[in-house]
Amino acid sequence: MSMQSKSQLYSDLVFINVQDLVQSLENDDKRLKKYKSLCKRSGGVFRTVGLIQFLTFLAAKATKDTEKHHEDLLSHLRLELHTCNIVNSENIVSFLAAIRQQEFAEYMRTSAETLKFLQWHKRISDILIIGTVED
């Protein structure tokens, strides 16, 4: 078994999720470009509003048919944090509930790790998704 740094693990998880999205949405170029644009903005939004507000924003936007790229990013973050045993959850509802119930130190750790994942989403979506969309 090979040893991976945390950074390698995070980039691998994000790469797999973004690559799967690109393959599953090959006929929905607009949604992919919106996803890429969201990934580019997310770090700034996250730093401004904080973890639970950012995730709740994604969940609220995801309810609209034209905003499914928010659901894509939220699902990716949930899966990545679950895979790394940072936030264990079965679905988006239990994910958000688990974060709301975290103690302060755990919440700060989850915030820091989520920001690292968002940085990988920004980099990898920029590599794997061609083109941009005006919002």
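## H4 against H6

The crossing of H4 and H6 is a right-handed one. Keep in mind as you look at it that this is a predicted model. H4 covers residues 68-83 and H6 covers residues 104-128; their axes sit 11 Å apart, and the two helices pack at an angle of about 125°. That angle makes H4 oblique to H6.

Which residues do the touching? On the H4 side you'll find Leu73, His76, Leu77, Glu80 and Leu81, and on the H6 side Thr110, Glu113, Thr114, Phe117, Leu118 and His121. Sorted by class, this H4 and H6 contact has five nonpolar residues, four polar and two charged.

## H2 against H6

H6 also packs with H2, this time at an angle of about 150° and with the axes 8 Å apart. Angles over 145 degrees count as roughly antiparallel, so that is the label for H2 and H6. The handedness here is left-handed.

From H2, the residues in this contact are Tyr35, Lys36, Cys39, Lys40, Ser42, Gly43, Phe46 and Arg47. They meet Ser111, Thr114, Leu115, Leu118, Gln119, His121, Lys122, Ser125 and Asp126 of H6. Split by class, the H2 and H6 contact comes to five nonpolar, seven polar and five charged residues.

## H1 against H6

Next up is H1, whose axis comes within 9 Å of the H6 axis, with the two crossing at roughly 50°. H1 and H6 are therefore oblique to each other, and their crossing is right-handed.

H1 brings Lys6, Ser7, Tyr10, Ser11, Leu13, Val14, Phe15, Val18, Gln19 and Val22 to this contact. Facing them in H6 are Glu113, Lys116, Phe117, Trp120, His121, Ile124, Ser125 and Leu128. The class count for H1 with H6 is 10 nonpolar, five polar and three charged.

His121 is worth picking out on your screen: this H6 residue turns up in the contact with H4, in the one with H2 and in the one with H1.

## Two serines in H2

Ser42 has its place in helix H2. Is Ser42 buried or exposed? Its relative accessible area is just 1%, so Ser42 is buried. Leaving out neighbours within four places in sequence, Ser42 is in contact with Phe54, Leu73 and Leu118. Leu73 is also one of the H4 residues that touch H6, and Leu118 is one of the H6 residues that meet H2. Closer along the chain, a polar atom of the Ser42 side chain lies 2.6 Å from the backbone oxygen of Leu38.

Ser37 lies in H2 too, a helix that spans residues 29-49. Ser37 has 15% relative accessibility, and it counts as buried because the cut-off is under 20%. What does the side chain of Ser37 pair up with? It makes a polar contact, at 3.0 Å, with the side chain of Arg41.

## Asn17, between H1 and H4

Asn17 belongs to helix H1, residues 6-24. With a relative accessible area of 10%, Asn17 is buried. Its side chain makes a polar contact of 2.8 Å with the side chain of Glu80. Setting aside neighbours within four places in sequence, the residues in contact with Asn17 are His76, Leu79 and Glu80. His76 and Glu80 are among the H4 residues that also touch H6.

## Asn85 and Ala97

Now for a backbone oddity. Most residues other than glycine have a negative phi. Asn85 is not a glycine, yet its phi is positive, at about 55°. Where is Asn85 found? Look in the loop between H4 and H5. At 56% relative accessibility, Asn85 counts as exposed. From Asn85 to Ser42 is 22 Å, C-alpha to C-alpha, and the two are 43 residues apart in sequence.

Past that loop, Ala97 has its place in helix H5, residues 92-100. Ala97 has a relative accessible area of 22%, which makes it partly exposed. Ala97 and Tyr10 are 87 residues apart along the chain, and their C-alpha atoms are separated by 23 Å. Tyr10 is one of the H1 residues that meet H6.

Conventions:
Residues numbered from 1 in each chain as written. Predicted model: local features only at pLDDT ≥ 70, side-chain atom pairs only at ≥ 80, totals over all residues. Heavy atoms only, no water. Axes fitted to C-alpha atoms, helices over the stretch in contact; angles between N-to-C directions. Helix = DSSP H or I, 4+ residues; strand = E, 2+ residues; numbered from the N terminus. Parallel < 35°, antiparallel > 145°, perpendicular 65-115°, else oblique. Left-handed = near helix turned anticlockwise from the far one by under 90°. Contact = heavy atoms within 4.5 Å. Nonpolar A, V, L, I, M, F, W, Y, C, P; charged D, E, K, R; others polar. Buried < 20%, exposed > 50% of the residue type's maximum accessible area, 1.4 Å probe, protein only. Polar contact = N/O pair within 3.5 Å; in protein donor to acceptor, adjacent residues only side chain to side chain.
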